[in-house]
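Colleague: I would like a close look at a single part of this protein, with enough of its surroundings to see how that part is set into the rest. Please take your time over the answer.

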Amino acid sequence: MSIEIANESGVDVDTDAVLAVARHALDEMGVNPLAELSVLLVDIDYMTELNHRWMGGEGPTDVLAFPMDEGSVDHGPGESAPAGGEPALLGDIVLCPEVAAKQAATAGHAPADELHLLTVHGVLHLLGYDHAEPEEEREMFALQARLLASWRSTRTQ
């Protein structure tokens, strides 16, 4: 699994933990080990620009996911690797640590915990999960909670 991370946010972030939770979510979801993922941490101004340009939103958001090559994502062990053994390009997850910190304060947990949640959330979006409809939201958020709980349990062992 190739995961690249770049912190251009100006905020000190434990990028190793962000990488670890992304890798855990991808592994648990049975994603092809040749898959490639990019994680970018940005400041509020850049996230505001991305949110407006790509989502039509106003102001900054916490996470954006940009799928690249949905047709080649291996969703489970029963599927074969992409033709020719080429890695699947999952896409990009863009996180805004400043927005995550504000949300964490509101939710009563650490900013790092919020970034981990948002990373898993972004991975699930790249894998085709959505939360536009109530049933989709229940499924995605339950899976997100399960992945975070299993990742946290591996860190305390």
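What pLDDT does the protein average? And once that is clear, which residues of helix α3 are buried, and what covers them?

Modeller: This is a predicted model, and the protein averages a pLDDT of 89, with 87% of the residues scoring at least 70. One stretch calls for caution before we begin, since pLDDT stays under 50 over residues 72-84, for which the model has 20 contacts beyond four places in sequence. Where pLDDT is low, the predicted coordinates should not be read in detail.

As a frame for the helix, the protein has five helices and four strands, and along the sequence they follow the pattern β-α-β-α-β-β-α-α-α. Of its 157 residues, 39% count as buried, and residues 24 or more positions apart account for 68% of the contacts with a separation of 6 or more.

Helix α3 spans residues 97-107, and its buried residues are Pro97, Val99, Ala100 and Ala104. Seen down the axis of α3, these buried residues fall within an arc of 155°, so they line one face of the helix. The general background is that an α-helix has 3.6 residues a turn, so residues three or four places apart point the same way. On the other side of α3, Lys102, Ala105 and Thr106 are exposed. Ala101, also in helix α3, counts as partly exposed, at 30% relative accessibility.

The cover over the buried residues of α3 includes two strands, β2 (36-41) and β4 (89-95), together with two helices, α2 (44-55) and α4 (111-126). At the far end of the helix, just after α3, Gly108 takes a positive phi of about 80°. The C-alpha atoms of Ala101 and Pro111 are separated by 4.6 Å, although these residues are 10 residues apart along the chain.

It is worth following the covering strands outward. Strand β4 is mostly covered itself, as five of its seven residues are buried. β4 runs parallel to β2, to which it is joined by six bridges, and within that pairing Ser38 has Asp92 in β4 as its bridge partner. β4 also pairs with β3, here in the antiparallel sense and over five bridges, with Phe66 standing opposite Asp92 in β4. Asp92 is thus named in both pairings, as the bridge partner of Ser38 and as the residue opposite Phe66.

β2, for its part, is joined by six bridges to strand β1 (residues 2-7), and these two strands run parallel. In that pairing Ile3 stands opposite Leu37 in β2. The connection between them is made by helix α1 (residues 15-28), and β1, α1 and β2 together make a left-handed β-α-β unit; a handedness of this kind is stated here simply as the model has it.

The covering helix α2 leads to another feature, the one aromatic pair that the structure holds. The rings of Trp54 and Phe66 have their centres 6.0 Å apart and their planes at 75°, so the pair is edge-to-face. Since Trp54 lies in helix α2 and Phe66 in strand β3 (residues 63-67), the pair ties together parts that are 12 residues apart in sequence. As for solvent, Trp54 is exposed, with a relative accessible area of 51%, whereas Phe66 is partly exposed, with a relative accessible area of 22%. The cut-offs matter for reading both values, because exposed means over 50% relative accessible area and buried means under 20%.

Helix α2 also holds Asn51, which counts as buried at 8% relative accessibility. Leaving aside residues up to four places away in sequence, Asn51 touches Gly56, Gly57, Glu58, Gly59, Pro60, Thr61 and Leu64.

To return to the part you asked about, helix α3 has one face lined by its buried residues, and on the other side Lys102, Ala105 and Thr106 are exposed. The cover over that buried face includes β2 and β4, which are themselves joined by six bridges, as well as α2 and α4.

Key:
Residues numbered from 1 in each chain as written. Predicted model: local features only at pLDDT ≥ 70, side-chain atom pairs only at ≥ 80, totals over all residues. Heavy atoms only, no water. Buried < 20%, exposed > 50% of the residue type's maximum accessible area, 1.4 Å probe, protein only. Arc of directions from axis to C-beta. Contact = heavy atoms within 4.5 Å. Pairing = 2+ DSSP bridges. Right-handed = clockwise from strand over helix to strand, strands pointing away. Phe/Tyr/Trp six-rings, centres within 6.5 Å; stacked < 30°, edge-to-face > 60°. pLDDT = per-residue confidence, 0-100.
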